[in-house]
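Biologist: I am new to this structure. Please take one residue and walk me through its surroundings, then show me what else stands out.

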Amino acid sequence: MPLRPLPCAAILALLASALPAQEPRGRAEPIPDALWQRMQGVSWHPGLGCAGRAELRLLTIPHHDFTGDRRLGHLVAAATEAETLLDVFAALYQAGYPIQQMRPVHEFGGRDALSMAANNTSAFNCRRVGGGTRLSDHAFGTAVDINPVQNPYVTRGGTAPAAGVDFDQPAERGAGVPGVIREGDAVVRAFTARGWGWGGTWRSAKDYQHFSRSGR
């Protein structure tokens with residue numbers, strides 16, 4: 001009898017179990033068949049010009065949650081940035097920075113709004129910039145959004161996700177607020193030291209969750 005392929009969740013669990021119990025640095029793997037199948041038409045779309053399977057890696061990343069417990073999350077990101085991101089998140093782990101959850105965005109139907117509302121940290125998503133025609137840096141796996149609720153996208157038109165309204169004003173983003181990213185903190189230093197830009201420095205809007213290789 002032929003062997004059935006493992007479901008995506010089982011493959012992610014196997015990859016996670018391969019990490020040493022207290023190792024702060026994660027691991028990069030080629031995209032498994034089961035994961036790639038689930039990304040089709042959801043977080044990856046043919047014909048848009050997004051990064052392809054060979055250009056992506058699945059990252060298994062240790063992180064602390066908001067209770068201080070150790071968790072293992074998963075990001076899909078550019079192969080060229082995989083080692084950099086593993087270094088960044090190892091630095092965040094050692095700094096004790098909390099991340100609520102870290103799941104590939106296909107688990108939210110490829111819908112960025114749902115991923116943000118769930119306070120999910122994510123990277124690759126084959127999509128255009130909101131309200132535009134240009135492909136997002138997320139479409140190439142060269143951008144990461146971290147704790148979107150505590151670090152919302154703030155424009156004159158409003159705050160996204162909606163729960164981020166509790167964290168969209170400078171007075172709400174002070175030291176000691178768990179998960180909030182602030183200028184000069186461990187999160188910003190970890191990314192900017194490796195050449196990535198932070199959306200918290202943008203002038204016309206503030207995208208506090210957003211880090212990217214291009215700075216856009």
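Modeller: What follows is a close look at one threonine and then at a cavity and a sheet. The model is a predicted one. Start with Thr 121. Thr 121 sits in strand β5, which covers residues 120-121. Is Thr 121 buried or exposed? Its relative accessible area is 0%, so Thr 121 counts as buried, the limit being under 20%.

Which residues does Thr 121 touch, leaving aside those up to four places away in sequence? One contact is Leu 75. Ile 99, Gln 101, Met 102 and Arg 103 also touch Thr 121. So do Val 144, Asp 145, Ile 146 and Asn 147. Asn 147 offers a polar atom too: its backbone nitrogen lies 3.1 Å from a polar atom of the Thr 121 side chain. Now look further along the chain. His 210 is 89 residues from Thr 121 in sequence, yet the two C-alpha atoms are 9.9 Å apart in space.

Next, the cavity. The structure holds one cavity of 30 Å³ or more. The largest cavity has a volume of about 40 Å³. Its lining is made up of Met 39, Ser 43, Val 76, Pro 104, Val 105, His 106 and Phe 124. Five of these lining residues are nonpolar, two are polar and none is charged.

Last, the sheet. Three strands make an open sheet, ordered β8-β7-β10, with antiparallel pairing. Its edges are β8 (158-160) and β10 (206-207), and each pairs on one side only. Strand β7 (residues 153-155) is joined to β10 by two bridges. There, Tyr 153 faces Asp 207 of β10.

Definitions and conventions
Residues numbered from 1 in each chain as written. Predicted model: local features only at pLDDT ≥ 70, side-chain atom pairs only at ≥ 80, totals over all residues. Heavy atoms only, no water. Pairing = 2+ DSSP bridges. Helix = DSSP H or I, 4+ residues; strand = E, 2+ residues; numbered from the N terminus. 1 Å grid on protein atoms, 1.4 Å probe; cavity = no way out; pocket = protein on both sides within 12 Å on 5 of 7 lines; lining within 4 Å. Points joined across faces, edges and corners; volume = space filled by probe spheres on them. Nonpolar A, V, L, I, M, F, W, Y, C, P; charged D, E, K, R; others polar. Buried < 20%, exposed > 50% of the residue type's maximum accessible area, 1.4 Å probe, protein only. Contact = heavy atoms within 4.5 Å. Polar contact = N/O pair within 3.5 Å; in protein donor to acceptor, adjacent residues only side chain to side chain.
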